[in-house]
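Visitor: I've got a new structure open and no idea where to start. Can you walk me through it?

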Amino acid sequence: MTEPIIRIENVHFAYNAQSENPIVALTDINLEVMPGEYLVIVGHNGSGKSTLAKHLNALLLPTQGDVWVNGMNTKNGAHTLTIRSTVGMVFQIPDNQIVATVVEEDVAFGPANLGVPEDELRERIDWALDVVDMQNFRHRAPHLLSAGQKQRVAIAGAMALKPQVLILDESTSMLDPAGREEVLSAVRRLNQAGTTIIAITHYMHEAVEGDRIVVMEAARTVTQGSPREVFSQVEELRALQLDVPQVTELSYALHQRDETFPPNLLTVEEIVAEIIRRKELEVAT
Ligand SMILES: Nc1ncnc2c1ncn2[C@@H]1O[C@H](COP(=O)(O)OP(=O)(O)OP(=O)(O)O)[C@@H](O)[C@H]1O
Ligand SMILES: [Mg+2]
């Protein structure tokens, strides 16, 4: 049986845990992530998503409970470097993650610092730039690129470290729709090539990309399941002040008018196919 690549067991975390006013950010979190999975975490501002993400590469350690990465406990300092090279992280603002003045040097920065030999370094840069479709920009200056292109360079930089897991913490939120789509398709390709993805997002139509969605609210995980399972709970999500994808909203509204219409369609293609199917039935009868 395949072992989970990440195991979170009974994790509690408070900022300023020793002070008089600790801020509880994680309560009783239990979660396993399987190798190759594409997990999406959604939840209201301040629900604990980034705090949870930072536990997965030992940037934060649990106040109680344990986080295991490939069987290594994040509390064991001897494993910290291995854990950080297993779990890469891309943040919200691409500019803060770019260090060099030429794209390919930026992508090389992490692995070069780890002492990756020259030949392999070349290979890794080529591969990472291919995955994010930025080969043609390798000699450009990062600060002259669009926000979406910069974020793809940041992802290539994280990928050049060959992590098994890539965490994207609202990595598309500063981008325009075209930039978001560029980053999403790069992430999709990475996942198809076997990288485990954990994506935090406020965009519900991006959450549909995942194999599984975890919903957080007030430091807890409140619900999880496939996108279809989670977005079927339209009223429950609204109660948490979370949206469902616009397409699902439409599907749900049509279902309320005619209960034979499925309430939980996720993509435009599914809605179109359903409408065509119904038209054909009408014609046939
Ligand atoms: N460095 C910190 N020191 C103290 N409290 C913090 C710190 N970072 C986050 N918090 C608090 O911990 C809680 C969880 O924050 P976190 O950033 O994990 O939420 P989030 O779900 O990522 O929110 P957002 O959607 O706004 O990014 C919030 O109450 C927040 O105010
Ligand atoms: Mg956050």
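Guide: We'll go through the sheet, the strands, the helix contacts and a few single residues.
Guide: One thing up front: this is a predicted model.

Visitor: Okay. How many strands form the open sheet, and in what order?
Guide: The open sheet has 6 strands, ordered β6-β7-β8-β3-β9-β10. The pairing is mixed.

Visitor: Which strands are at the edges?
Guide: β6, residues 87–90, and β10, residues 220–225. Each of these edge strands pairs on one side only.

Visitor: And how far are neighbouring strands turned against each other?
Guide: By 20° on average, with direction ignored.

Visitor: What actually holds strands of a sheet together?
Guide: Strands of a sheet pair through backbone hydrogen bonds, and they do so either parallel or antiparallel.

Visitor: Let's look at β3. Is it enclosed or open?
Guide: β3 covers residues 38–43, and 6 of its 6 residues are buried, so the strand is largely enclosed by the rest of the structure.

Visitor: Which way do its residues point?
Guide: Y38, V40 and V42 point one way. L39, I41 and G43 point the other way. All of them are buried.

Visitor: How many bridges join β3 to β8?
Guide: 4 bridges, and the two strands run parallel. β8 spans residues 196–200. Within that pairing, V40 stands opposite A199 of β8.

Visitor: What about β3 and β9?
Guide: Those two are also joined by bridges, 5 of them, and run parallel. V40 turns up here as well: its bridge partner in β9 is I213.

Visitor: And where β9 meets β10, parallel or antiparallel?
Guide: Antiparallel, with 5 bridges between them. β9 is residues 212–217. One bridge pair there is V214 of β9 with Q224 of β10.

Visitor: What sits in the loop between β9 and β10?
Guide: A218 lies in that loop. Its phi is positive, about 45°, although A218 is not a glycine. A218 is exposed, with a relative accessible area of 54%.

Visitor: Switching topic. How do β1 and β2 pair?
Guide: In the antiparallel sense, over 7 bridges. β1 is residues 6–15 and β2 is residues 23–33. I6 stands opposite V33 in β2.

Visitor: Which residue of the loop between β1 and β2 should I click on?
Guide: Try N16, which is found in that loop. Its phi is near 50°, a positive value in a residue other than glycine. N16 is partly exposed, at 48% relative accessible area.

Visitor: How does β1 run against β4?
Guide: Antiparallel, with 5 bridges joining the two. β4 takes in residues 64–69. H12 stands opposite Q64 of β4.

Visitor: Now helices. At what angle do α5 and α6 cross?
Guide: Roughly 20°, and their axes come within 8 Å. Angles under 35 degrees count as roughly parallel, so α5 is roughly parallel to α6. The crossing is right-handed.

Visitor: Which residues make the contact?
Guide: From α5, they are G148, Q149, Q151, R152, I155 and M159. From α6, they are G179, E182, V183, V187 and L190. The contact residues divide into 5 nonpolar, 4 polar and 2 charged.

Visitor: Where does α5 lie relative to the sheet strands?
Guide: α5 lies across β6 and β7, and runs at about 165° to β6.

Visitor: And α3 with α4, at what angle do they cross?
Guide: At roughly 125°, with the axes coming within 10 Å. α3 and α4 are therefore oblique to each other. α3 passes α4 in a right-handed crossing.

Visitor: Who touches whom there?
Guide: On α3, the contact uses V103, E104, V107, A108, P111 and A112. On α4, it uses L121, R122, R124, I125, A128 and L129. That contact has 9 nonpolar residues, no polar ones and 3 charged ones.

Visitor: Last one: T74. Buried or exposed?
Guide: T74 is buried, with a relative accessible area of 2%. T74 sits in the loop between β5 and α2.

Visitor: What does T74 touch?
Guide: Leaving out residues up to four places away in sequence, T74 touches H55, A58, L61, P62, V67, V69 and I83.

Key
Residues are numbered from 1 along each chain as its sequence is written. Chains are lettered from A and ligands numbered from 1 in the order in which they are written. This is a predicted model: local features need pLDDT of at least 70, side-chain atom pairs count only at pLDDT 80 or more; totals for chains, interfaces and linings use all residues. Side-chain values use heavy atoms; hydrogens and water are left out. Axes are lines fitted to C-alpha atoms, for helices over the stretch in contact, and angles run from 0 to 180 degrees between N-to-C directions. Angles under 35 degrees count as roughly parallel, over 145 as roughly antiparallel, 65 to 115 as roughly perpendicular and the rest as oblique. A crossing is left-handed if the near helix is turned anticlockwise from the far one by less than a right angle, and right-handed if clockwise. Contact means heavy atoms within 4.5 Å. Ala, Val, Leu, Ile, Met, Phe, Trp, Tyr, Cys and Pro count as nonpolar, Asp, Glu, Lys and Arg as charged, and the others, Gly among them, as polar. Two strands pair if DSSP finds at least two bridges between them. Buried means under 20% relative accessible area, exposed over 50%, partly exposed in between (1.4 Å probe, protein chains only).
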